[in-house]
Amino acid sequence: MANLTVEQINEIRSKVMGAAAKVPGTLIGIGILLIILGMIGIAGQTLFSLVSVNVLGIFLFAGGVLQGIHAFQSAGWKSVRVQLLFAVLYMAGAIYVWAFPIPALEAITLWLAAIFFVTGFLRLISAFQHRHFAQWFWLALSAVISILMGVLIMNSFPSSSLWLPGLLIAIELLLQGWSLLFLGFAAKSLTK
């Protein structure tokens, strides 16, 4: 491998970073905002859970309205009735979520537990299929942790439904915020 000059390395980095290298300040700003939101979410997990379920209701309602508009604009299409049924179901789901946020959070929590169980078992199967590789242990460990997360959620259900969705969203915001912050700093170092 040939030795690269500093200019060549910076050119490669800027090509890899793409558009991110052009707006490092924006990435840093969004990263900081997401970190702040994540910290607020961790401090007030129950409030964050309730806000997130209301946002879900907004998305469901907007999806229902858009589905209905699409159905009315598709006159003559064979599945107009099906599209209208979807629109009504979306809007009914939104109204249910707004009217009964606690049962909606419970359903979301059960869904999260199911995801942890299913992904854990699938990773465990994959780990044993790849046990001839030295790194199969990490996949198996990840699988066991996912299954344990599902067990922990179910052991504290239904009380966990008040704080768990908010906590997971807050953690995701923190992780995304730190990622964007470091990406912004990396892009900023290229512009110097």
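**Entry 1: Q83**

I began with Q83 and found its place in helix α4, which covers residues 80-99. I keep in mind throughout that this is a predicted model. Next I asked myself whether Q83 is buried or exposed. The relative accessible area of Q83 is 12%, and because the cut-off for buried is under 20%, Q83 is buried. I then looked up its partners, leaving aside the neighbours within four places in sequence, and noted that Q83 is in contact with Q67, H70, A71 and W77.

**Entry 2: α4 and α5**

Staying with α4, I turned to how this helix packs against α5, and I read an angle of about 110° with the axes 5 Å apart. Angles of 65 to 115 degrees count as roughly perpendicular, and α4 and α5 are therefore roughly perpendicular to each other. Which residues meet here, in α4 and in α5? From α4 I wrote down Y96, V97, W98 and A99, and from α5 the residues P101, P103 and A104. When I sorted this contact by class, I had 7 nonpolar residues, with no polar and no charged ones.

**Entry 3: α5 and α6**

I followed α5, residues 101-129, to its packing with α6, residues 136-155, where the angle is about 155° and the axes are 8 Å apart. Since angles over 145 degrees count as roughly antiparallel, I entered α5 and α6 as roughly antiparallel to each other. I also noted that α5 passes α6 in a left-handed crossing. The residues of this contact divide into 17 nonpolar, 7 polar and 1 charged.

**Entry 4: the nonpolar cores**

My last search was for nonpolar cores, and the largest has 6 residues, namely L27, L34, F48, A170, L173 and L180. I wanted to know which helices each supply at least two residues of this core. They are α2, residues 24-43, and α7, residues 160-191. With 3 residues, α7 gives the most to this core.

I picked out L34 for a closer look and, not counting residues up to four places away in sequence, I found that L34 touches L173, L174, Q176, G177 and L180. Of these partners, L173 and L180 are listed in the largest core together with L34.

Finally, I recorded a second, separate core of 5 residues, which includes L112, F116, I153 and L164.

Technical notes
Residues numbered from 1 in each chain as written. Predicted model: local features only at pLDDT ≥ 70, side-chain atom pairs only at ≥ 80, totals over all residues. Heavy atoms only, no water. Helix = DSSP H or I, 4+ residues; strand = E, 2+ residues; numbered from the N terminus. Buried < 20%, exposed > 50% of the residue type's maximum accessible area, 1.4 Å probe, protein only. Contact = heavy atoms within 4.5 Å. Axes fitted to C-alpha atoms, helices over the stretch in contact; angles between N-to-C directions. Parallel < 35°, antiparallel > 145°, perpendicular 65-115°, else oblique. Left-handed = near helix turned anticlockwise from the far one by under 90°. Nonpolar A, V, L, I, M, F, W, Y, C, P; charged D, E, K, R; others polar. Core = buried A, V, L, I, M, F, W, Y, C linked by side-chain atoms within 4.5 Å.
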